[in-house]
Amino acid sequence: MTDSATEEYDGGMLTLLQMVWGEGFLSPGGPQAVRDIMSGIDLGSKHILDIGCGLGGLDQVLLTLGAGRVTGIDVAPAIVERGQERIRRAGLNNRIEIKLVEPGPLPFPDASFDLVFGKDAWLHIPDKVAHFSEVLRVLKPGGRIAAGDWMKSPGPYSRDMDYFFEMEGLTYHLVTLAEYDTFLHEAGFVDIRLEDITELYRVEAHGELDRMKGELAPMIADELGAEGYAHFVEDWRSLTVVLDKGELRPARIWATKPA
Ligand SMILES: C[S@@+](CC[C@H](N)C(=O)[O-])C[C@H]1O[C@@H](n2cnc3c(N)ncnc32)[C@H](O)[C@@H]1O
């Protein structure tokens, strides 16, 4: 295994993230975030690859938006096992497949998918050009990327950012929006569009912190204990700091493989 986040999300983190973001969701925005990314895209019967699918909650949303089939891949064995169990329980095994993969080249033939999706997962991938080249390879000609990811402002990480990473206990490989655009170009994509949604999530994250200190507090403390509760409140506070400074920059991404 590489230094990728293969098994960095522990049970406590998975419990906390779903309390804040909803059952099956390990990133902000719930179903609406998927609808926003897919707005204006016809998913009718398309086969979608979700890279970094987590527990598969977003894949269920993709089906409700018209997708034909979703193949979700992830590198974390415990997450994949839970995701597969969720999909089995939902009776969606015939439409959603969640697979464990190794970080690196994608285990699919060329031109396998109509659309590649990812939500706040590619931030864990160190070599973006190699990643986008693989995405391009497995897309059919004219196929698209529609994704969400976290990026950063230019320059080295501040101490606030390093502290946020320390609180998270996760390995982040963030680049700027401009670098992201360049890497997509270098990999061969066209019609690239990046939308910076920092302000949107900045406001949401403050609301999430308020909920963690309010209505969610007893539930989090009950599940994770007083120490776990204190840790995650501090983690979220450190998240709001780097969002307020504009150093952490969530974005939406669209790009097309030439036909
Ligand atoms: C923040 S979670 C988001 C999960 C899911 N997309 C969601 O929004 O609920 C990031 C996910 O990326 C996965 N991941 C990390 N490195 C990866 C890689 N190289 N390839 C695929 N998945 C990866 C992690 O295991 C984790 O499940």
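1. A residue is called buried here if its relative accessible area is under 20%. By that cut-off, both Phe165 and Tyr172 are buried, and they make a good place to start reading this predicted model.

2. Let's stay with that pair for a moment. The ring centres of Phe165 and Tyr172 are 5.0 Å apart with their planes at 20°, so this pair is stacked; the cut-off for stacking is planes under 30 degrees apart.

3. Tyr172 has another partner to look at. Its ring and that of Phe164 have centres 5.8 Å apart and planes at 40°, so this pair counts as tilted. Both Phe164 and Tyr172 are buried.

4. Now for the wider aromatic picture. Trp150, Tyr157, Phe164, Phe165, Tyr172 and Tyr201 are linked into a cluster by ring pairs. For the protein, the count of aromatic pairs comes to 10, where rings pair if their centres lie within 6.5 Å.

5. On to the overall fold: the protein has 9 helices and 7 strands. Its radius of gyration is 18 Å, close to the 18 Å that the globule rule gives for 259 residues, so the protein is as compact as a globular protein of that length. If you are setting the model in a frame, the C-alpha trace spans about 55 × 45 × 35 Å along its principal axes.

6. Burial and contacts come next. Of the 259 residues in the protein, 53% are buried. Taking contacts between residues at least 6 apart in sequence, 78% join residues at least 24 apart.

7. As for the surface, the protein exposes about 11,100 Å², and carbon and sulfur atoms supply 52% of that area.

8. You may also like the charge tally. There are 25 positive and 42 negative side chains, and the centres of the two sets lie 6 Å apart.

9. Finally, a look at one glycine: is Gly40 buried or exposed? Gly40 is exposed, with a relative accessible area of 80%; the cut-off for that label is over 50%. Gly40 lies in the loop between helix H2 (30-38) and strand S1 (47-51). If you want a distance to check in your viewer, Gly40 and Asp222 are 42 Å apart in space, C-alpha to C-alpha, and 182 residues apart in sequence.

Note on methods: Residues numbered from 1 in each chain as written. Predicted model: local features only at pLDDT ≥ 70, side-chain atom pairs only at ≥ 80, totals over all residues. Heavy atoms only, no water. Helix = DSSP H or I, 4+ residues; strand = E, 2+ residues; numbered from the N terminus. Rg over C-alpha atoms; globule rule 2.2 N^0.38 Å. Buried < 20%, exposed > 50% of the residue type's maximum accessible area, 1.4 Å probe, protein only. Contact = heavy atoms within 4.5 Å. Areas by Shrake-Rupley, 256 points an atom, 1.4 Å probe, with all protein chains shown as cover. Lys, Arg positive; Asp, Glu negative; His and termini not counted. Charge placed at Lys NZ, Arg CZ, Asp CG, Glu CD. Phe/Tyr/Trp six-rings, centres within 6.5 Å; stacked < 30°, edge-to-face > 60°.
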